Each structure stands twice: as C-alpha cells, then as structure tokens.
Amino acid sequence: METILLNNGVEMPSLGLGTYKIGRTDEEVYHAVRSALDIGYRHIDTATLYQNEHSVGKAIRDSGITRDELFVTTKLWGSDVLAHNVKGAFETSLRNLGFDYLDLYLVHWPVKGRLQEVWKELESLYYSEKARAIGLSNHLIHHMEEALQNATVAPVVNQVEQHPYLNQEELREYCEEEGVTVQSWSPLGSNKIPLLKEPVLAEIGSNYSKSPAQVVLRWHLDIGAVPLPKSSHPERQRENFEVFDFRLTAEEIGRIGALNRDHRTGMHPDNMEF
Ligand code: A2P
C-alpha cells in the first residue's frame, strides 16, 4: 500500500476507509471493517461521534493484522471540549478501540472560542506518546490560524469535506504551504449529490478501464490528498482500493477540478454548534 509522509515523519497509508454510518448495527460495522482489512485497507478512520469505535476496534483486533501495520484515526467531539474532558475523551476512545495508542487524533470540528486551548490539550497527548500524530478536521483557514497561534506542534492533517464539487483549492494551497496533508471526507461526494454521474468521469475512466468512483479517488491522490471513501459493500470497497495502478494526466485533473461548484453536503464549519 502506498504511503504519504506526514510532517512529523510518521507514514500514513494514502487511502483509508471512512466509517461514518458504515453499518446500522455493531455487527454490520464489524463485518464492513473486517472485509476492508481482508481486501488490504490498512488505514481506518473513525470518530467518537460515529459511536462505532468498539466494533471498529474489535474488527481490527480480530483481523490478526499486527497493530504496527495499521493506521487508525479517531476524533474528539465538541461536547467533550465544552465539558473540559479532552483527556477523558481520548482515554475513552482508546478503551473503546481496545488499543494502547492511536496513530492519529483529530479535533473533529472547531469549537468557537476554544481553538487554541484544545490544540494545547492535543499537544500534551502527543507529548505523552499515546498519539503518534495529531491534527485538525473541518478547520477553515481562519480556524487554523487561530488554533495554531501558540502551537509547538504542527497538525499533520486537516481532514475536510473534499470532492470535485467542493475542490477546496484555497484551503489546499494554504495547507500545502504549512506542510499539512489534506484528507478528504466524503471523497465521492456522499450519496447526496449525483457527482458520480458526471459524464466526464466515465469518459476519463474509459481511458483506463476504471469506474467514475475510481477516477474520483485517483483525482484525490493525484492532487496530493488522502481520500477516506466509505462503503459497506465488499465489492465497492475493493473497487475503491484498486486505484494504485493508473495516474491521471494534468489535463484530466484540470477537467475534474473544473466540476467545482463549492457545494458542501455537510455543515459549514462556521455554523457548527455543540
Ligand atoms: P455504500 O456504503 O452503500 O457502498 P463518501 O465516502 O463520499 O461519503 O461516499 C459514500 C457513499 O458512496 C455511500 O453512500 C456509499 O454507499 C457510496 N459508494 C461508496 N463507494 C462507491 C462506489 N465505488 N461506487 C458507487 N457508490 C459508492
């Protein structure tokens, strides 16, 4: 599996499995994660909010894959920030997952007025060596600037909604200058928009015998982002994983980028309340 080098020297697999709503029951979550691991996924992304850390952790532990071959992320929810429970939330996530360290811990959404304070708490988790890397999620440029004013550790990633209808060019440029890797949630545009029906994707895919979803995932990789596609179905998980045997041309990347319409399927980060 290809990896990307984060700004603190830690390697992260270049594509991961998103697990938001990956199953309606604990069993469904468990089987979806087990099948992804069987296919070859080694990077799993969850969050406190998803309420599936227990099943995700069990699937990982039962897979028999050694912990150091895996990259596992979870995220801090805003209500724990408001309750001054950052360390407690982190320990609960570790316990739910059944691990003694995390590969990556993220601030899930910016919490107004608390950005710097939360980042300081994450820094202390990083210094405790229970998180190999720390980062942000859903932070706009102004949130990043505010959060990092007195930072002693740079975030390794900012995980944001990103797909060809929301191509995040400005944020990506900023992150690149700061050495922050951008991870894409809903990289396929979720099921709320008809992105995968765009004719240009099928047209480009026909050059490589790849599906529209594979073309979109390759676009993420080729612009330097780390996509986290979610699928509950093993055949789609496999399809989403088979994107490392072709590359898009600069012209194709440009044509896909031109689909942008700054369309968010999720919440605007300035409007998030806890
Ligand atoms: P499902 O879980 O039923 O496969 P995103 O990661 O952008 O939020 O997208 C996830 C949505 O896209 C889910 O509804 C998922 O449904 C669907 N999906 C995932 N992979 C594919 C694929 N290769 N082709 C079509 N739809 C997909």
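Let me start with one term: buried means under 20% relative accessible area. I'll use it throughout. One caution as well: this is a predicted model.

Helix α9 first. It covers residues 212-222, and 10 of its 11 residues are buried, so the helix is largely enclosed by the rest of the structure. Which residues of α9 are buried? A213, Q214, V215, V216, L217, R218, W219, H220, L221 and D222. Look at that list on your screen. R218 and D222 are on it, alongside V215 and W219.

What covers the buried residues of α9? The cover includes the helices α7 (169-178), α8, α10 (234-241) and α11 (250-257). It also includes strands β9 and β10. After α9 comes G224, with a positive phi near 90°.

Now the sheet. It is an open sheet of 8 strands, and the pairing is parallel. Read across it and the order is β3-β4-β5-β6-β7-β8-β9-β10. Which strands stand at the edges? β3 (17-18) and β10 (226-227). Each has a single partner strand, so one side of each is left without a neighbour in the sheet.

Let me zoom in on one pair. Strand β5 is residues 71-76, and strand β6 is residues 104-107. They run parallel, joined by 4 bridges. One pairing to find: T73 has L104 as its bridge partner in β6. Helix α4, residues 86-97, packs on the sheet here and touches both β5 and β6. The direction of α4 makes about 140° with that of β5.

On to the nonpolar cores. As background, in soluble globular proteins, nonpolar side chains tend to be buried together. Here, the largest nonpolar core has 66 residues. Which residues have the most contacts inside it? V33, I60, L76, Y105, L122, L201 and I256. Helix α1, residues 26-39, gives the most to this core, with 7 residues.

Take I256 as an example. Leaving out residues up to four places away in sequence, I256 touches P164, L201, I204, V215, W219 and L248. Two of those names should be familiar: V215 and W219 are among the buried residues of α9. There is another core, lying apart from the largest one. That one has 11 residues, including L6, L106, V156 and L228.

Next, charges. The structure holds 15 salt bridges. I'll show three pairs and a network.

Pair one is E28 with R24, closest N and O atoms 2.9 Å apart. E28 is partly exposed, at 30% relative accessible area. R24 counts as exposed, at 74%.

Pair two is K87 with E121, closest N and O atoms 3.1 Å apart. This pair links distant parts of the chain. K87 sits in helix α4 and E121 in helix α5 (residues 115-127), 34 residues apart. Both ends are partly exposed: K87 at 42%, E121 at 22%.

Pair three is R114 with E117, closest N and O atoms 3.1 Å apart. Is R114 buried or exposed? At 14% relative accessibility, R114 counts as buried, because the cut-off is under 20%. Its partner E117 is partly exposed, at 34%.

Then the network: salt bridges link R67, D103 and R132.

Now two loop residues with unusual signs to check in the backbone. N138 is not a glycine, yet its phi is positive, near 60°. N138 is found in the loop between β7 (134-137) and α6 (141-147). N138 is buried, with a relative accessible area of 4%. The other is S186, again a residue other than glycine, with a positive phi near 45°. S186 is found in the loop between β9 (181-185) and α8 (199-206).

Last stop, the start of the chain. M1 lies in the segment before β1 (3-5). M1 is partly exposed, with a relative accessible area of 42%. What does M1 touch, not counting residues up to four places away in sequence? P13, S14, L15, G40, F241 and F244. And how far is M1 from L201? They are 200 residues apart in sequence and 24 Å apart in space, C-alpha to C-alpha.

That's the tour. Questions, please.

Methods. Residues are numbered from 1 along each chain as its sequence is written. This is a predicted model: local features need pLDDT of at least 70, side-chain atom pairs count only at pLDDT 80 or more; totals for chains, interfaces and linings use all residues. Side-chain values use heavy atoms; hydrogens and water are left out. Buried means under 20% relative accessible area, exposed over 50%, partly exposed in between (1.4 Å probe, protein chains only). Two strands pair if DSSP finds at least two bridges between them. Contact means heavy atoms within 4.5 Å. Axes are lines fitted to C-alpha atoms, for helices over the stretch in contact, and angles run from 0 to 180 degrees between N-to-C directions. A nonpolar core is a set of buried Ala, Val, Leu, Ile, Met, Phe, Trp, Tyr and Cys residues joined through side-chain atoms within 4.5 Å. A salt bridge is a side-chain nitrogen of Lys or Arg within 4 Å of a carboxyl oxygen of Asp or Glu.
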